[in-house]
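Q: Could you take a close look at one part of this model for me? I would like to follow the salt bridges, one pair at a time, and then see what surrounds the ligand.

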Amino acid sequence: EEQEEDMQRELRCFLRHITERLYLDRRFKTFTKPVDTVQVPDYLQVIKQPMDLSSLLTNIDKHKYITVNEFVRDADLIWNNALTYNPDSATLDRKIRHRAHALKDALHAIIREHLDPEFEKACEAMKERR
Ligand SMILES: O=C(C1CCC1)N1C[C@@H]2C[C@H]3C[C@@H](O)[C@@H](O)[C@]2(C1)O3
């Protein structure tokens with residue numbers, strides 16, 4: 001009903017705020033767009049669920065997420081995929097993994113500093129009702 005729609009609108013605003021903060025951070029430019037699977041032909045053999053910051057924004061607008069936890073599961077794919085696909089001691093791999101850990105820490109710090117646990121509980125309860 002109406003108050004549920006209001007809560008979901010507030011959730012989408014919250015998730016856009018998080019994602020836009022990360023999207024605008026120059027450290028995370030490499031995570032803003034999908035990996036180019038033409039330039040990286042084996043990527044989809046290694047990474048089964050590609051994810052990136054622009055895809056998160058698209059998913060938010062398509063009402064894919066009705067709880068913060070569902071959003072975090074997709075957002076965590078971004079940095080986890082980077083660690084999985086770039087595991088070597090080569091300098092570029094190390095640089096990508098450093099950026100992946102920075103993305104993980106920034107994502108979870110923004111959520112911790114802005115998310116009211118009671119709000120997430122209300123979203124989870126609504127999910128159970130549906
Ligand atoms: O994993 C990634 C992105 C970095 C975080 C997401 N890529 C896989 C390729 C390996 C490495 C070097 C380039 O081949 C470039 O295409 C990629 C892009 O970086």
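A: Arg 129 is exposed in this predicted model, because its relative accessibility of 55% is over the 50% cut-off. Its partner Glu 4 is buried, since a relative accessible area of 9% falls under 20%. The two form a salt bridge in which the closest N and O atoms are 2.9 Å apart. This pair joins distant parts of the chain: Glu 4 belongs to helix H1 (residues 2-24) and Arg 129 to helix H6 (residues 117-129), with their positions 125 residues apart.

Let's move along helix H1 to another pair. Asp 61 makes a salt bridge with Arg 16, again with closest N and O atoms 2.9 Å apart. Asp 61 lies in helix H3 (residues 53-61) and Arg 16 in helix H1, so the bridge ties together parts that are 45 residues apart in sequence. Asp 61 counts as partly exposed, because its 46% relative accessibility lies between the 20% and 50% limits. Arg 16 is partly exposed too, with a relative accessible area of 25%.

Helix H1 also takes part in a link to helix H5. Here the side chains of Arg 21 and Glu 113 meet in a salt bridge, at 4.0 Å from N to O. Arg 21 sits in helix H1 and Glu 113 in helix H5 (residues 91-114), 92 residues apart. At 38% relative accessibility, Arg 21 is partly exposed. Coming back to the pair we started with, Glu 4 and Arg 129 belong to one network with Glu 5 and Arg 130, joined by salt bridges that share partners. The count of salt bridges comes to ten.

Now for the ligand, which sits in the largest pocket. The residues around the ligand are Thr 30, Phe 31, Val 35, Val 40, Ala 82, Tyr 85, Asn 86, Leu 92 and Ile 96. Among these, Asn 86 has a polar side-chain atom 3.0 Å from an oxygen atom of the ligand. On its own the ligand has 410 Å² of accessible area, and the protein covers 71% of that. Helix H5, which we met through Glu 113, returns here: helix H4 (68-85) and helix H5 each contribute at least two residues to the shell around the ligand.

Terms used: Residues numbered from 1 in each chain as written. Predicted model: local features only at pLDDT ≥ 70, side-chain atom pairs only at ≥ 80, totals over all residues. Heavy atoms only, no water. Helix = DSSP H or I, 4+ residues; strand = E, 2+ residues; numbered from the N terminus. Buried < 20%, exposed > 50% of the residue type's maximum accessible area, 1.4 Å probe, protein only. Near = heavy atom within 4 Å. Polar contact = N/O pair within 3.5 Å; in protein donor to acceptor, adjacent residues only side chain to side chain. Areas by Shrake-Rupley, 256 points an atom, 1.4 Å probe, with all protein chains shown as cover. 1 Å grid on protein atoms, 1.4 Å probe; cavity = no way out; pocket = protein on both sides within 12 Å on 5 of 7 lines; lining within 4 Å. Sits in = over half its atoms within 2 Å of the grid points.
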